Amino acid sequence: MKKRIQDDKNILKIRGSRKHYLPIYVMILILILIIIFLRFYNLNINYLVVIFAFIFMIVGIKGTEIHRFFSYYQITTHYLVHSRGILNNDVKRIFIPTISDIVLKQTFWQRLLNYGNVMVHRYTPGAIIEVKNINNPEKFIDILEDRLNKIGD
Amino acid sequence: MSRAQLEGYSEKPPKKHRIAIFILIIFLILVSLFLYFAFFKENGFRGITGFFIGGLNDENAVFIKAELNPPDDFKTSEKIKRIELDIDSSKDFLVGKQKIDLSKFNSANIIIDNFNGELSLEEDSIKSLKGKASNVFINNIPISSQSGGNMKVSFDNSFRYKFLKLEKVFIPSLVFKTSGKLTIGNNKAIINLEDENFEIEKFEGDITFEKNKFLMNGLVDKSKLPELLDITDSEKS
């Protein structure tokens, strides 16, 4: 196993899609448009609320980026790896031949924006790994299946 | 407990929903606050201070007309629908990025629409006028901003005015010693002040400074008026 890890090469590294955070971006956009509207029509703007709105925007943008940055999925020659955590690092390493089924789950909204969740089932009953909110989930499945077939051969 | 739960992957933690609801609530609070301060201000509420003081509503308001001696100083940082002033001194008037030399005109009539800023007066001079406005006219010639939005307006230093009218201005409170005539509620009560304290709260209307006269025309909060009547009557008797 140690040798297998040493020989491992990265094939795909993927993070959660920004599309997943679209509601937050829309909220930020609405706040910006409200401020522009109030300024344009010379309506009263309470600057304390503006400060809170800017804090909300900064935390919204930075927070989503931090959330994305500290969680990623990786397909290597032998493993499916999920790493997450900001201060604590939680790394799950799944040996690809132990994968039994791969299920794609997309809501209407996710289908529309071409992102979704991939449920990776293992032979062990009930052991499921959810690869959440990734762009092009079908491509991810293709690559994973390809690796599964190659290792199987 | 299933293996999946032990691995902690398949079960969605309810914490995520709580965070989403929390973000949505903050967003809705911010939007509500923006709209509240923007639109309630137009109906009498005045920013965070006005919020605590309370606004002028129709039930509590009474019409007043006053012709008084002007106060020594007057200051407002409230929005003014229109400022009209006549000056004959040569001044530099800053509108947006333009510096307009008023010495070119013999006398200048300036109209500033939707002024939002600070205006302070001292005797018959404008001590400072600094803020933003949607439109500016000098002798009926419009001065427009390049961006088409609001523009900054200011005078470089204090100057004398001949005539000054503030249209649709809100004054949270005004107290000064004066003489003159005050008419309340369409001639229902007429008070003659003789070097007495004039005290009103929450006035909304027009104020004119002209030839040593201070004219007020608008609505005022009823609650302070009995005090004004009492003081005047007791002093007279």
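How many bridges join β1(B) to β14(B), and do these strands run parallel or antiparallel? In the predicted model analysed here, β1(B) and β14(B) run antiparallel and are joined by 8 bridges, with Lys65(B) standing opposite Asn217(B) of β14(B). The strand β14(B) also pairs with β13(B), again in the antiparallel sense, over 7 bridges, and within that pairing Glu210(B) faces Lys213(B) of β14(B). The connection between β13(B) and β14(B) is a hairpin with 2 residues between the strands, and in its turn Lys211(B) adopts a positive phi of about 40°.

These pairings belong to a chain whose secondary structure comes to 4 helices and 14 strands. Of the 237 residues in chain B, 25% are buried, and among the contacts of this chain between residues at least 6 apart in sequence, 64% join residues at least 24 apart.

The largest nonpolar core contains 31 residues, of which Ile112(B), Ala133(B), Val169(B) and Met216(B) touch the most other members. Two or more residues are given to this core by each of β1 (61-68), β3 (80-87), β6 (108-122), β10 (151-155), β12 (163-184), β13 (189-210) and β14 (213-221) of chain B, and the largest share, 7 residues, comes from β13(B). For Val169(B), once neighbours within four places in sequence are left aside, the contacts are with Thr76(B), Glu78(B), Ile80(B) and Ile207(B). A second, separate core comprises 13 residues, including Ile96(A), Ile129(A), Val131(A) and Ile134(A).

In chain A, the helix α2(A) has 19 residues and reaches 26 Å from its first C-alpha to its last, a span close to the 27 Å expected at 1.5 Å a residue. Its buried residues are Ile24(A), Met27(A), Ile28(A), Leu31(A) and Ile34(A); because they cover an arc of only 120° around the axis, they lie on the same side of α2(A). This arrangement may be read against the general geometry of such elements: an α-helix has 3.6 residues a turn, so residues three or four places apart point the same way. The face of α2(A) turned away from the buried side carries the exposed residues Val26(A), Leu29(A), Leu33(A), Ile36(A) and Phe37(A). Leu29(A), which is placed in helix α2 (residues 22-40) of chain A, counts as exposed because 11 other C-beta atoms lie within 10 Å. The C-alpha atom of Leu29(A) is separated by 8.9 Å from that of Met57(A), a residue 28 places apart from it along the chain.

Backbone conformation in chain A shows two further cases of positive phi. Most residues other than glycine have a negative phi. Asn114(A), although not a glycine, has a positive phi near 55°; this residue lies in the loop between α4 (108-113) and β6 (115-122) of chain A, and it counts as partly exposed because it has 14 C-beta neighbours inside 10 Å. Asn133(A), likewise not a glycine, has a positive phi of about 50°, but its setting is strand β7 (residues 128-135) of chain A. With 20 other C-beta atoms within 10 Å, Asn133(A) is buried, since the cut-off for that class is 20 or more.

Methods. Residues numbered from 1 in each chain as written. Chains lettered and ligands numbered in written order. Predicted model: local features only at pLDDT ≥ 70, side-chain atom pairs only at ≥ 80, totals over all residues. Buried ≥ 20, exposed ≤ 12 C-beta atoms within 10 Å, placed from the backbone. Core = buried A, V, L, I, M, F, W, Y, C linked by C-beta atoms within 7 Å. Contact = placed C-beta atoms within 7 Å. Pairing = 2+ DSSP bridges. Expected span 1.5 Å × (residues − 1). Arc of directions from axis to C-beta.
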